[in-house]
Each structure stands twice: as C-alpha cells, then as structure tokens.
Amino acid sequence: MSKSPNTVPAVDDELTLSALEGLRKTPKQLSPVWFYDEEGSTLFDSICELPEYYLTRTEMQIMTQHGDDMARRIGPHAALIEFGSGSSDKTRVLLDKLESLACYVPIDISRDYLFETAGSLARDYPSLRITPVCADFTQPFDLPVHIAAAHRRIVYFPGSTLGNFETEAAQRVLTTMRTIIGRKGAVLIGIDLRKDPEVLQRAYNDAAGVTAEFNLNALRHINRELGTDFDVDAFEHSALWIENQSRIEMHLVSTRDQDVHLGDETVHIRRGEHLRTECCHKYTLEGFAELAASADLVVSRVWTDPEQKFSVQLLEPKPIQ
Ligand code: TRP
C-alpha cells in the first residue's frame, strides 16, 4: 500500500520524532536524556552534595563501611564491569579493596566523560587493566574478550539508577546483567529504599532549588538542540510521591497555555498541564528481591546504613534445580 503524502511525517530527524512521541502521550513526557548537557551534568553533581539528597552520601558511607566484606565476597581475580560509570567515585572504594582485580570495564554513554574518568583512574591505578566501553547499556553491546580470563565477572550498578527504569525495562537491564555474569558471577547494585514520603519529596525538591534548575535545564537543552520554543520561565518544577507506584516523579508544570513548535508540528500545553521527566522508584527489601527474582537473580547479601535509608545488594544467579 502506498502512503498518501499527508501521512508522511513532517519531521524526519530521530530526536525530534522521539521527543514528539513523548509529548503526544497522556500525560506528556520528556525524556530524561535531556537532563544531561554540560550544565545539567554540573547541576547533577551539585544535587549529589545537597543536604536533602541523602542517596549519594549514604551509599558512599555503606561502601566505605562494608567495602572489605564486599571485596571478600567478590574474591580475587574478578573482572569488574560497571554500568553507567559516570565519575566512578564509588568504584574507587572497590578498586582500593578488591584483591588482584583482573580488569575494570566502565560502560557509559557519554564518551568524553568516560575517557576522561578512565584516564584519571589509569593514573591512580597504574597496574590495573582498564577498558572503557562507550555504549547505551539498554541496547546490545560488546564487552572486551579478555574478561573471559577472569575468575568471575562482577557487574557493578550503583546510584539507584535501576530505580529510574519502569518495571519491565528494569527487568530487561537485570536480565542483561544476569547474562553477562554467567553462572559464577554476581551483581553489586545500589538500591534506594522506601521511606517517609516527606523525606523523599525534600530529596527531589531541595530548598536551594538546584533540582528545580536541573529539571528546567532539560527544556533549555531541548530548545537549543531541536530549536523548540518551550517558554522555560513559564514552567515550575514539581516532585510528587506516587504511592501506588512507589516512586517519586519529577514533573514540569506549565504556568500558562502555550504552543510549542517541533519541526513542523505544534504541541499545545495547557496552563497547569504536567510534563513528566523522570521516575525514581523506591523499593522495600522484599519488593526488590522479587524484581531480582524475575530476572533469575537471588539476593545473597544486603548492606545498609543504620537507618536503612539505602542499600547495596549482592545478587547471584539462581541455582539450577
Ligand atoms: N538514580 C538517582 C535517583 O534516582 C539519580 C537521579 C537520576 C536523579 N535522575 C535524577 C536525581 C533526577 C534527581 C533528579 O535519585
């Protein structure tokens, strides 16, 4: 069947099309990829240091306090493969403690940041074999062949980044990890825990307004990259706790009626209408164990802080019956 001319999309560029797709959903969505331009990455680093944002600090505290135990359970001659390595800050704790590490494979989508970090790690750990892989880990990618020589393969996934995926996507990421580690390996993962919604809301809506700036910056980024005309000053940041989904949602709320132009298309945004930019799921220990089980992984150890705000968990393949 031939397409009539008026069914041919007016825009052919992939980024514009996927942005349009999000804005046609109900409620409208804007992909979190728009958070991370240079300004956004700097704002994100500031978020991690905010007094209300307990996640980074607490995870670091758990890594420092229990790193020896983690290293013992991981054992010698492991290949350490990190998903979304970013600054590799927390990884340094492991690199200091792991015995005769075979190699470190940081995987990140942001090429400049990845190679910059790998370079600085190479200076600080001159005898460690570091092989950075620039990839989007939600898509198929290749790992260096030399990881086969290690005793075990360990996937490291800190930062509660898994919580930024919806359930099915999170299952897919866990399944990818399960495939990489094979029968003998393990996953070491940082998972944020459910807690008082007020504490959560404050963590994502800080008094200094840094998270608000971070969220609004996504609009500046998309305006610059795609030539859209979101009126950034006519949006407000909002962080909502959605009880039945056990997640914080970050939204941008339009304070006036506005028309936004993408390619040749116009999207109308009503006053008071929400654009959803991010989901941050919070788990109970039981809930997360269930999610892991759906990817044939068993929780073999959980480390937490004294207040059980955050957890670092060791997952191993479910034994064959
Ligand atoms: N994974 C972390 C979290 O859920 C970091 C993060 C991802 C984040 N996207 C974010 C923090 C958006 C603040 C806003 O908290």
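## Working through helix H6 and its sheets

Helix H6 (residues 167–181) lies across strand S2 (78–83), strand S5 (152–157), S6, S12 and S13, and runs at about 155° to S5. Keep in mind that this is a predicted model.

**Exercise 1.** Work out whether the end-to-end distance of H6 agrees with its 15 residues.

*Solution.* Start with the rise, 1.5 Å a residue. The expected span counts one less than the number of residues, so the 15 residues of H6 should span 21 Å. Now look at the end C-alpha atoms: they sit 21 Å apart, which agrees. Just past the helix, glycine 182 takes a positive phi of about 65°.

**Exercise 2.** Find which residues of H6 are buried, and what covers them.

*Solution.* Go along the helix and pick out residues under 20% relative accessible area. You get Ala169, Ala170, Val173, Leu174, Met177, Arg178, Ile180 and Ile181. Next, check what is on top of them: the cover includes S2, S5, S6, helix H9 (285–293), S12 and S13.

**Exercise 3.** Put the strands of the open sheet in order and name its edges.

*Solution.* Seven strands line up as S4-S3-S2-S5-S6-S13-S12, with mixed pairing. The edges are strand S4 (133–134) and strand S12 (297–304), each pairing on one side only. For a closer look at one pairing, take strand S6 (residues 186–192) and strand S13 (residues 310–317): they run antiparallel and six bridges join them. Glycine 190 stands opposite valine 312 in S13.

**Exercise 4.** Describe how strand S11 (residues 274–281) is covered and which strands it pairs with.

*Solution.* Burial comes up front: seven of the eight residues of S11 are buried, so the strand is mostly covered. On to its partners. Strand S1 (residues 28–29) pairs with S11 in the parallel sense, over two bridges, and lysine 28 has leucine 275 as its bridge partner. Strand S8 (residues 247–254) runs antiparallel to S11, with seven bridges between them; here valine 253 is matched with histidine 274.

**Exercise 5.** Is valine 199 buried, partly exposed or exposed?

*Solution.* Locate valine 199 in helix H7 (residues 197–203). Its relative accessibility is 28%. Buried needs under 20% and exposed needs over 50%, so valine 199 counts as partly exposed. One more check, on tyrosine 53: its C-alpha atom is separated from that of valine 199 by 9.1 Å, though the two residues are 146 residues apart along the chain.

Methods. Residues are numbered from 1 along each chain as its sequence is written. This is a predicted model: local features need pLDDT of at least 70, side-chain atom pairs count only at pLDDT 80 or more; totals for chains, interfaces and linings use all residues. Side-chain values use heavy atoms; hydrogens and water are left out. Helices (H or I, at least four residues) and strands (E, at least two) are DSSP runs, numbered from the N terminus. Buried means under 20% relative accessible area, exposed over 50%, partly exposed in between (1.4 Å probe, protein chains only). Two strands pair if DSSP finds at least two bridges between them. Contact means heavy atoms within 4.5 Å. Axes are lines fitted to C-alpha atoms, for helices over the stretch in contact, and angles run from 0 to 180 degrees between N-to-C directions.
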